[in-house]
Amino acid sequence: MANSKRIVTNPVTGPPSPDARAAVEGRALINQGGGGGGNGSGNGHVAFDVYGISGLTRFGTISRIYEEFLRELQGPQGMKSYREMMDNDPITGAILFAANHLSRKVSFKFKPASDTQQARYIADKIGSMIFDDMESTWPDTLSEILTMLPFGWSLLEYRLKRRLGMSDLPAPPPAPGSYEIGAQGYPSPTFAPSRFDDGLIGFRSWSLRSQETLFMWEFDEDSNAVVMQQMAPPDYKIRRIPMSKALLFRTQVAKNSPEGRSIMRNGWTSYYMKKNLQVFEGIGVERDLAGYPVIQIAKPDPTNGLAVPDIWNPRSEDARTMLAALKQIVRSVRRDEQEGMVLPWWAEFKLLSGTGRRRVDTNAVIARYDQRIAMSVMADFIMLGHEAVGSKALASTKISLFTSALSSFLDNACSVISRRAVPLIMQFNGWPEELCPVLQHGDVESVNLQELGQFIGQVARTGFNPLASTDAQISIMETANLPTTGLVSDLGSRSANAKPPGRRLQHPGQQGEPMSGNQRSSGVGDASMGEGDSSGGGGPVAAPESPMGPMGHLSTS
């Protein structure tokens, strides 16, 4: 090997360590050139090539994923199974309800890439595109993103528009009878209304592609999913959705699987056992209440001259028919408005009632399965109060674990938006990549203001002023849901259920200029920043001069 380095043993320190030897051999591997193998670019260095794949269990380039060893959880059938679990199981429903509505109250904001005016302008504009100007509200969009929790993944197809205001509204739909019978509604207009008229290109919608409509995945040679094939009602045609046209959110990435992993996977076996046990329990309760039905055949009595038919004779067709009819009567006994039966004189109907208690306490077994389902996602705090044990400290610890896990899922969603959606908008509007803002979210769990105040007091007694910076003041005011208007005009921040700020279109008859997008509302409970100034005069706020040129490009003047 011409370019390899000879490993020399130092007479003082001895032979080199395994790490040093590996480093030398790695540099030699890079320097040896080649590029004659693997799936890489062939640029002359083998370290830039790819020789292996993820090992995801699939068959061919167009295939379903078979990583799951339970058949009922594979592919489209697995999506239907998880849908059944989230809709039928109260514990699973409570967990998803808590996750969804805890996330809705979390504040989201775009952090500018720097403190320059241009960076803050871009963060404000992208925030208005995603939080304020899509067809669905941000809380609804976030709910669709969080469908990745029960299914393991969620795919949202995006659509762009140019923000030209509310003018040029589409014409009203034609009168009934003027269109072809059987048409699937009216075609979508090319023009998309916008609350902003700055001419920038923004998002029109992020639309969920339902997990139950998944048909196949298409993969490239490196085992990356590049297309989702969808088969959806009402026409059940196969539609191909490229990954470049969508945002894929996953709970976790194992073997680069596009389907992630459902947070309900570890609780599926408990749900399956509980579901079957509840069926048996319902049958048992019904039989205990109504009684165990029995039909007894009378004994033959030669004295009355009436013969009892032998229903147990397998060679007689009449006997087999009568036996089948009696079995059907016993199985169909129900206490309802249609109860009643007609029997021959030689058959006697009885209802036997069970005595004593059941040997198996079904309540304890079902409660154990409920607890295991909740424990699988660290949400067993929802069981507190239904048991004889528990404390406030224990509940606080369990809730903190759940909110920490939920916060990590929101981190994942913010990363996908920051790495996929934001650069796309930057490119379409001609903004430099180095000014890309980053989406961040606030705390899922509310901060204890008393504990926060004690902490600030303890730090202040050491001689350090924790409120010296404006950022610290803003953070504390937002934590306490107090207005930050007099501190600084912070850009690009939104809350899931706060009033959307931003530059609004001027209503007819309104005096003055429309509100600037540089004013925002932050967090739940913030005062509205669009109905007037802080003095209560109701007058509009003049829009500051934009640091960008026409159509959003950086101004060089």
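Author: Two strands are said to pair if DSSP finds at least two bridges between them. The model here is predicted, and that rule is a good place to start.

Reader: What makes strand S6 and S7 a pair?

Author: Strand S6 (residues 225-231) is joined to S7 by 5 bridges. The rule asks for at least two bridges, so S6 and S7 pair. The two strands run antiparallel, and Val227 of this region faces Pro242 in S7.

Reader: Which sheet do these strands belong to, and in what order do its strands lie?

Author: They are part of an open sheet of 4 strands, ordered S1-S5-S6-S7 with antiparallel pairing. Strand S1 (62-63) and strand S7 (238-242) are its edge strands, each pairing on one side only.

Reader: Let's go to the other open sheet, the one with 3 strands. Why are strand S4 and strand S8 said to stand at the edges?

Author: Strand S4 (201-208) and strand S8 (246-250) each have a single partner strand, so one side of each is left without a neighbour in the sheet. The order is S4-S3-S8, and the pairing is antiparallel. Direction ignored, neighbouring strands of this sheet are turned by 30 degrees against each other on average.

Reader: How do you know that strand S3 pairs with S4?

Author: There are 7 bridges between strand S3 (residues 153-162) and S4; at least two are needed, so S3 and S4 pair. One residue to look up is Lys161, whose bridge partner in S4 is Gly202. H5 packs on this sheet and touches S3, S4 and S8, with its direction at about 50 degrees to that of S4.

Reader: How do helix H3 and helix H5 cross?

Author: The axes of helix H3 (residues 90-104) and helix H5 (residues 138-145) come within 10 Å and cross at roughly 145 degrees. The crossing is right-handed. On the H3 side, the contact is made by Asn100, Ser103 and Arg104; on the H5 side, by Pro139, Asp140, Leu142 and Ser143. By class, that contact holds 2 nonpolar, 3 polar and 2 charged residues.

Reader: Why is Ser407 called buried?

Author: Ser407 has a relative accessible area of 19%. The cut-off for buried is under 20%, so Ser407 counts as buried. Ser407 lies in helix H10 and touches His441 and Val444, not counting residues up to four places away in sequence.

Reader: Which side chains of strand S2 are buried, and which are not?

Author: In strand S2 (residues 107-111) the side chains alternate. Phe108 and Phe110 point to one face and are buried, while Ser107, Lys109 and Lys111 point to the other and are not. Strand S11 (residues 438-441) pairs with S2 in the antiparallel sense over 4 bridges, and Lys109 has Gln440 of S11 as its bridge partner.

Reader: Which residues in the largest nonpolar core touch the most other members?

Author: They are Ile130, Trp206 and Ile417, in a core of 76 residues. Helix H10 (residues 392-428) gives the largest share of this core, 13 residues. Leaving aside neighbours within four places in sequence, Ile130 is in contact with Phe110, Trp138, Phe203, Trp206 and Ile417.

Reader: Which residues does the second, separate core include?

Author: This core has 7 residues, among them Val308, Leu326, Trp346 and Ala347. As general background, nonpolar side chains tend to be buried together in soluble globular proteins.

Methods:
Residues are numbered from 1 along each chain as its sequence is written. This is a predicted model: local features need pLDDT of at least 70, side-chain atom pairs count only at pLDDT 80 or more; totals for chains, interfaces and linings use all residues. Side-chain values use heavy atoms; hydrogens and water are left out. Axes are lines fitted to C-alpha atoms, for helices over the stretch in contact, and angles run from 0 to 180 degrees between N-to-C directions. A crossing is left-handed if the near helix is turned anticlockwise from the far one by less than a right angle, and right-handed if clockwise. Contact means heavy atoms within 4.5 Å. Ala, Val, Leu, Ile, Met, Phe, Trp, Tyr, Cys and Pro count as nonpolar, Asp, Glu, Lys and Arg as charged, and the others, Gly among them, as polar. A nonpolar core is a set of buried Ala, Val, Leu, Ile, Met, Phe, Trp, Tyr and Cys residues joined through side-chain atoms within 4.5 Å. Buried means under 20% relative accessible area, exposed over 50%, partly exposed in between (1.4 Å probe, protein chains only).
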